[in-house]
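Work through the exercises below with the model open. Try each task before reading its solution.

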Amino acid sequence: MISWILAAALSAASGDARGGLAFGFERQWPALQQPWYFIQPSCVAEDDEGSVYVADRRNDLVRKFSRDGTLITQWGGQGSGETDLSGPACVEIGPDGNVYV
């Protein structure tokens, strides 16, 4: 589940003599009021402005977040309408800046 940002520290800073990375909980991302959850995040993309897009297959949604984790917008939903999605597998940002699902 995409809900944590893990901070990696160099082994010298963490005291790991084996030369590996040490991981630890830094903060929750995105920082939204609960309850909200990704059910099955399947793909993540970032645009040129640093916004992050997450395709969530089981929620039938694509969510757009600012770089600090604030929800900007979301679209999709279950159904057969023009803006509905059914299990979006991936989201990509094209060279033209358009979002492709």
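**Exercise 1: the hairpins**

β4 and β5 make a hairpin with 4 residues between them, and D60 in the turn has a positive phi of about 60°. The model is predicted: local features need pLDDT of at least 70, side-chain atom pairs count only at pLDDT 80 or more, and totals for chains, interfaces and linings use all residues. Residues are numbered from 1 along each chain as its sequence is written, and side-chain values use heavy atoms, with hydrogens and water left out.

Task: find how many bridges join β4 to β5, and how these strands run.

Solution. Start with the element names: helices (H or I, at least four residues) and strands (E, at least two) are DSSP runs, numbered from the N terminus. Next, the pairing rule: two strands pair if DSSP finds at least two bridges between them. β4 and β5 are joined by 5 bridges and run antiparallel. Now take single positions. Y53 has K64 in β5 as its bridge partner. A55 stands opposite V62 in β5.

Turn to the other side of β4. β3 and β4 are also antiparallel, with 5 bridges. Here C43 has A55 as its bridge partner in β4. This hairpin has 5 residues between its strands, and G50 in the turn shows a positive phi of about 95°.

**Exercise 2: the sheet**

Task: give the strand order of the open sheet, then name the strands at its edges.

Solution. The sheet has 4 strands in the order β3-β4-β5-β6, paired antiparallel. β3 and β6 stand at the edges with a single partner each, so one side of each has no neighbour in the sheet. Neighbouring strands are turned by 20° against each other on average, direction ignored (axes are lines fitted to C-alpha atoms, for helices over the stretch in contact; angles run from 0 to 180 degrees between N-to-C directions).

Now check the cover of β4. 5 of its 5 residues are buried (under 20% relative accessible area; exposed is over 50%, partly exposed in between; 1.4 Å probe, protein chains only). V52, V54 and D56 point one way, Y53 and A55 the other.

**Exercise 3: a buried charge**

Task: which side chain of opposite charge is nearest to D60?

Solution. Place the residue: D60 lies in the loop between β4 and β5. Assign charges: Lys and Arg count as positive, Asp and Glu as negative, while His and the chain ends are not counted. The nearest opposite charge is R57, 7.7 Å away. D60 is buried yet has no salt bridge (a side-chain nitrogen of Lys or Arg within 4 Å of a carboxyl oxygen of Asp or Glu). Then look at the backbone: the nitrogen of G87 lies 2.7 Å from a polar atom of the D60 side chain.

**Exercise 4: aromatic pairs**

Task: how many aromatic pairs does the structure hold?

Solution. Apply the rule: rings of Phe, Tyr and Trp (its six-membered ring) pair if their centres lie within 6.5 Å; planes under 30 degrees apart are stacked, over 60 edge-to-face, the rest tilted. The structure holds 2 such pairs. F38 and F65 are edge-to-face, 6.1 Å centre to centre with 70° between the planes. F38 lies in the loop between β2 (22–28) and β3 (41–46) and F65 in β5 (residues 61–65), so the pair ties together parts 27 residues apart in sequence. Both F38 and F65 are buried.

Y53 and W75 have ring centres 6.3 Å apart and planes at 65°, so this pair is edge-to-face. Y53 in β4 (residues 52–56) and W75 in β6 (residues 71–76) are 22 residues apart. Finish with accessibility: Y53 is buried at 5%, whereas W75 is partly exposed at 29%.

Terms used: Polar contact = N/O pair within 3.5 Å; in protein donor to acceptor, adjacent residues only side chain to side chain.
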